[in-house]
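The following exercises concern the geometry and solvent exposure of a single structure. Each task is followed by a solution in steps.

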Amino acid sequence: MLDANTQQPQEMSQEEKVLKEERAFSKEQYWEWYENMLLVRRFEEKTAQLYGQQKIRGFCHLYIGQEACAAGQVSALTKDDIYITAYRDHAHPIMLGTDPGAVMAEMYGRSTGTTKGKGGSMHIFDKSVNFAGGHGIVGAQIPMGAGLGFAEKYKGTKNLCVTMFGDGAIRQGAMHEAFNMAMAWKLPVIFIVENNGYAMGTSVERTSNVTHLYELGAAYDIPSRPVDGMTVEEVHIAMEEAAAHIRAGKGPYFLEFRTYRYKGHSMSDPAKYRTKEEVAEYKAQDPIEKVKQTILKNKWATEEELKEFDKKLKARVLEAVKFAEESPYPEKSEAYTDVYVEENYPFLDS
């Protein structure tokens, strides 16, 4: 677990140790986590390289270090549940099943991208896997997530909407409005703040008197708790608990994932506001390395086999790059499509 005030590692309580020992996950589950997290890590590393070569342009926000947050969510929920997030949005669709080539093509601005090359890195979207998109306006996706949850309740399904935002967006008034409505109407929404400590570049401690961000849910009687976002098992367990609460008709749940991004807020951020020692301390808790060690400890693979597996994932990423680079740019006429629902919307020809 991470300390609620400092975000630094703290000793597990005896109760937490017992719970973790009692909850055993299968070999298949660990392999799924390892593949999902390592694929995203290699994808993001390649993205950073391509951005440096100016093959990818515009804004670009990497998920390196936070992979357990996405992997634990996906493994705990159903294929019918919906996800919506901010602009750090490459990991979730890939883990949900979107072709990495389509995500890469979107960042290249090509017509084969997830939004036909019109959105770029910040606006990955894939309805086929129930990923309702990355959104660029800070905090705007929070009431949208509540709306998606409302739609599921209105239709009478048992599906829920995972609504993610960063520790900077938690200051937005829209979040508080969405929390109030979601709890009043018992909407099926898991609200998640991915607290990586620094928003765009300013620490939580410098921007809020409330540093235990999950406590903000108490104002609306929303069940809330912190989660070690650097440990995929902890994320999975927390998501299962929240989902069971929601599917029982009890309304929303609020989780604070305490995580860490190894890179800057975006590709243009040198991240000089934190020390090299701090970054190294978090890298020592790397979520992928934790899963790797579990696989090795249980003799589910050898070091050599894992190296070969890594090579295969790197090859998949290179295939995604090849697909993107060989894809055409959108036709100029595409600027006029997907703008209005109605094809003959009034005033289009005026």
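A residue counts as buried under 20% relative accessible area, as exposed over 50%, and as partly exposed in between. The structure is a predicted model, and these cut-offs are applied in several of the solutions below.

**Exercise 1. Classifying residues by accessibility**

Task: Determine whether A280, Q54 and T302 are buried, partly exposed or exposed, and locate each in the fold.

Solution.
- Step 1. A280 belongs to helix α10, residues 276-283. Its relative accessible area is 45%, and A280 is therefore partly exposed. Along the chain, A280 and Y262 are 18 residues apart, and their C-alpha atoms are separated by 8.9 Å.
- Step 2. Q54 is found in the loop between α2 and α3. With 52% relative accessibility, Q54 is classed as exposed. The C-alpha atoms of Q54 and Y108 are separated by 9.8 Å, with the two positions 54 residues apart in chain numbering.
- Step 3. T302 occupies the loop between α11 and α12. A relative accessibility of 41% makes T302 partly exposed. From T302 to N130 the C-alpha distance is 36 Å, at a sequence separation of 172 residues.

**Exercise 2. Surroundings of a buried threonine**

Task: Establish where T47 lies and which residues outside its sequence neighbourhood it contacts.

Solution.
- Step 1. T47 is placed in helix α2.
- Step 2. The relative accessible area of T47 is 0%, so T47 is buried.
- Step 3. Once neighbours within four places in sequence are set aside, the contacts of T47 are I56, C60, L62, H90, M104 and M107.
- Step 4. For a long-range reference, G147 is 100 residues from T47 in sequence and 32 Å from it in space, C-alpha to C-alpha.

**Exercise 3. Packing of α2 against α11**

Task: Describe the angle, axis separation and handedness with which α2 and α11 pack, and list the residues in contact.

Solution.
- Step 1. Helix α2 spans residues 27-52 and helix α11 spans residues 287-297; they pack at an angle of about 145 degrees, and their axes are 10 Å apart.
- Step 2. The crossing of α2 past α11 is left-handed.
- Step 3. From α2, the contact involves Y30, W31, Y34, M37, L38 and R41, and from α11 it involves P287, I288, V291, K292, T294 and I295.
- Step 4. Sorted by class, the residues of this contact are nine nonpolar, one polar and two charged.

**Exercise 4. Aromatic pairs and a charge over a ring**

Task: Characterise the ring pairs F25 with W33 and W31 with Y34, and identify the ring over which the charged end of R110 sits.

Solution.
- Step 1. The structure contains 15 aromatic pairs. In one of them, F25 and W33 have a centre-to-centre distance of 5.0 Å and 65 degrees between their planes, an edge-to-face arrangement. F25 and W33 are both buried.
- Step 2. W31 and Y34 also form an edge-to-face pair, with centres 6.1 Å apart and planes at 80 degrees. The two residues are about one helical turn apart, because W31 and Y34 lie three residues from each other in helix α2. Y34 has 4% relative accessibility and so counts as buried.
- Step 3. Ring pairs also join F165, F179, F191, Y220 and F254 into a cluster.
- Step 4. The charged end of R110 sits over the ring of Y329, at 4.1 Å from the ring centre.

**Exercise 5. Positive phi outside glycine**

Task: Locate D221 and K299, and decide whether each is buried or exposed.

Solution.
- Step 1. Most residues other than glycine have a negative phi.
- Step 2. D221, although not a glycine, has a positive phi of about 60 degrees. D221 is in the loop between α8 (204-207) and β5 (224-228). Its relative accessibility of 60% means that D221 counts as exposed.
- Step 3. K299, likewise not a glycine, has a positive phi of about 60 degrees. K299 sits in the loop between α11 and α12 (303-326). At a relative accessible area of 73%, K299 is exposed.

**Exercise 6. A covered helix**

Task: State how many of the residues of helix α3 are buried.

Solution.
- Step 1. Helix α3 comprises residues 67-76.
- Step 2. Its buried residues are E67, A68, C69, A70, A71, G72, Q73, V74, S75 and A76.
- Step 3. Ten of the ten residues of α3 are thus buried, and the helix is mostly covered.

Technical notes: Residues numbered from 1 in each chain as written. Predicted model: local features only at pLDDT ≥ 70, side-chain atom pairs only at ≥ 80, totals over all residues. Heavy atoms only, no water. Axes fitted to C-alpha atoms, helices over the stretch in contact; angles between N-to-C directions. Helix = DSSP H or I, 4+ residues; strand = E, 2+ residues; numbered from the N terminus. Left-handed = near helix turned anticlockwise from the far one by under 90°. Contact = heavy atoms within 4.5 Å. Nonpolar A, V, L, I, M, F, W, Y, C, P; charged D, E, K, R; others polar. Phe/Tyr/Trp six-rings, centres within 6.5 Å; stacked < 30°, edge-to-face > 60°. Buried < 20%, exposed > 50% of the residue type's maximum accessible area, 1.4 Å probe, protein only. Lys NZ or Arg CZ within 6 Å of the ring centre and 35° of its normal.
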